[in-house]
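Okay, thanks everyone for squeezing me in. Let me put the structure up, and then I'll walk you through the parts I liked.

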Amino acid sequence: MEQAGMFSRPQMNLLMSELLIHLLQLSDKDFSSYTQKYSAQNMYVMSALQYIEQNYADKIEVGDIADQLHISSRYLNKLFQKHTNMTLLNYINVFRMNQAILLMTDPQLTLTEIASRVGMNDSQHFSKLFKSVIGSSPSLFRKTLSNEEQRQEWLPLGYQEPQKD
């Protein structure tokens with residue numbers, strides 16, 4: 001995997017996505033400095049993020065999220081791009097790949113099972129997408145996770161691995 005300085009580009013994408021979610025959740029607590037317009041827009045983006053977090057294992061279409069928020073798909077895409085600097089579809093893909101990385105820590109799960117658990121029933125498409133987002137094939141990346149030092153670089157701070165029976 002390519003390393004450019006301390007973090008690779010895919011690592012930075014994942015870290016930035018986690019930071020974005022955290023900042024949007026914090027901003028929910030105090031909207032006094034925002035105008036009412038930006039508060040509503042931020043709530044749409046935050047609601048979209050929550051929808052993705054709760055439904056990433058299922059098929060997600062932008063229209064489904066927009067319908068939940070009672071806004072058009074086009075408007076939701078525009079807001080999401082404006083507030084996150086990434087498209088809604090790109091965010092969904094990055095989020096799913098982040099979840100896949102967490103699932104890869106469980107050696108009992110096959111890559112096909114992992115793909116299915118992150119909402120992708122086509123394992124070939126999962127592999128192509130994983131490589132485009134992370135920069136490595138899922139199988140090679142999983143081997144990378146077996147190295148404890150590299151494992152700590154990829155897993156979120158405070159991540160607790162599943163208990164083994």
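Let's start in a loop: His70 lies between helix 3 and helix 4. Helices here, like strands, are DSSP runs numbered from the N terminus, with H or I over at least four residues for a helix and E over at least two for a strand. His70 has a positive phi of about 60°, although it is not a glycine. With a relative accessible area of 74%, His70 is exposed. On cut-offs, buried means under 20% relative accessible area, exposed means over 50%, and partly exposed is in between, with a 1.4 Å probe and protein chains only.

Before I go on, the usual small print. This is a predicted model, so local features need pLDDT of at least 70 and side-chain atom pairs count only at pLDDT 80 or more, while totals for chains, interfaces and linings use all residues. Residues are numbered from 1 along each chain as its sequence is written, and side-chain values use heavy atoms, with hydrogens and water left out.

Where does Asn85 sit? That one is in the loop between helix 4 and helix 5. Asn85 also has a positive phi, near 60°, in a residue other than glycine. Asn85 counts as exposed, at 67% relative accessibility.

Now the overall picture. The chain has nine helices and zero strands, so to speak in one letter: from the N terminus on, the elements run α-α-α-α-α-α-α-α-α. Of the 165 residues, 39% count as buried. Take contacts, meaning heavy atoms within 4.5 Å. Among those between residues at least 6 apart in sequence, 58% join residues at least 24 apart.Next, helix packing. Two packed helices are described by the angle between their axes and the distance between the axes. The axes are lines fitted to C-alpha atoms, for helices over the stretch in contact, and angles run from 0 to 180 degrees between N-to-C directions. Helix 3, residues 62-69, packs on helix 4, residues 73-84, at an angle of about 95°, with the axes 8 Å apart. That is why helix 3 and helix 4 come out as roughly perpendicular. For that label, 65 to 115 degrees is roughly perpendicular, under 35 is roughly parallel, over 145 is roughly antiparallel, and the rest is oblique.

Who meets whom there? From helix 3 we have Val62, Gly63, Ile65, Ala66 and Leu69, and they meet Ser73, Leu76 and Asn77 in helix 4. The residues of this contact divide into five nonpolar, three polar and no charged. Nonpolar is Ala, Val, Leu, Ile, Met, Phe, Trp, Tyr, Cys and Pro, charged is Asp, Glu, Lys and Arg, and the others, Gly among them, are polar.

The second pair is helix 5 and helix 7, packed at an angle of about 100° with their axes 10 Å apart. That makes helix 5 roughly perpendicular to helix 7. Helix 5 brings Asn93, Val94, Met97, Ala100 and Ile101 to the contact, and helix 7 brings Phe126, Leu129, Phe130, Val133 and Ile134. Here the split is nine nonpolar, one polar and no charged. Ile134 of helix 7 counts as buried, at 2% relative accessibility. The C-alpha atoms of Ile134 and Ile101 are separated by 9.6 Å, with those positions 33 residues apart along the chain.

On to the core. A nonpolar core is a set of buried Ala, Val, Leu, Ile, Met, Phe, Trp, Tyr and Cys residues joined through side-chain atoms within 4.5 Å. Which of the 37 residues in the largest nonpolar core touch the most other members? They are Ile65, Leu76, Leu88, Phe126 and Phe130. Helix 2 (36-55), helix 3, helix 4, helix 5 (88-103), helix 6 (111-117), helix 7 (123-134) and helix 8 each supply at least two residues. Helix 5 gives the most, with eight residues.

Let me zoom in on two of those. Leu88, in helix 5, is buried, with a relative accessible area of 0%. Leaving aside neighbours within four places in sequence, Leu88 is in contact with Ala48, Ile52, Val62, Ile65, Leu76, Asn77 and Phe80. Leu88 and Val62 are 26 residues apart in sequence and 7.5 Å apart in space, C-alpha to C-alpha. Then there's Ile65: not counting residues up to four places away, it touches Ala48, Tyr51, Ile52, Ile60, Leu76 and Leu88.

Last stop, helix 8, residues 138-145. Its buried residues are Pro138, Phe141, Arg142, Thr144 and Leu145. Seen down the axis of helix 8, these fall within an arc of 155°, so they line one face of the helix. The arc is taken over the directions from the helix axis to the C-beta atoms. As a reminder, an α-helix has 3.6 residues a turn, so residues three or four places apart point the same way.

That's my tour, happy to take questions.
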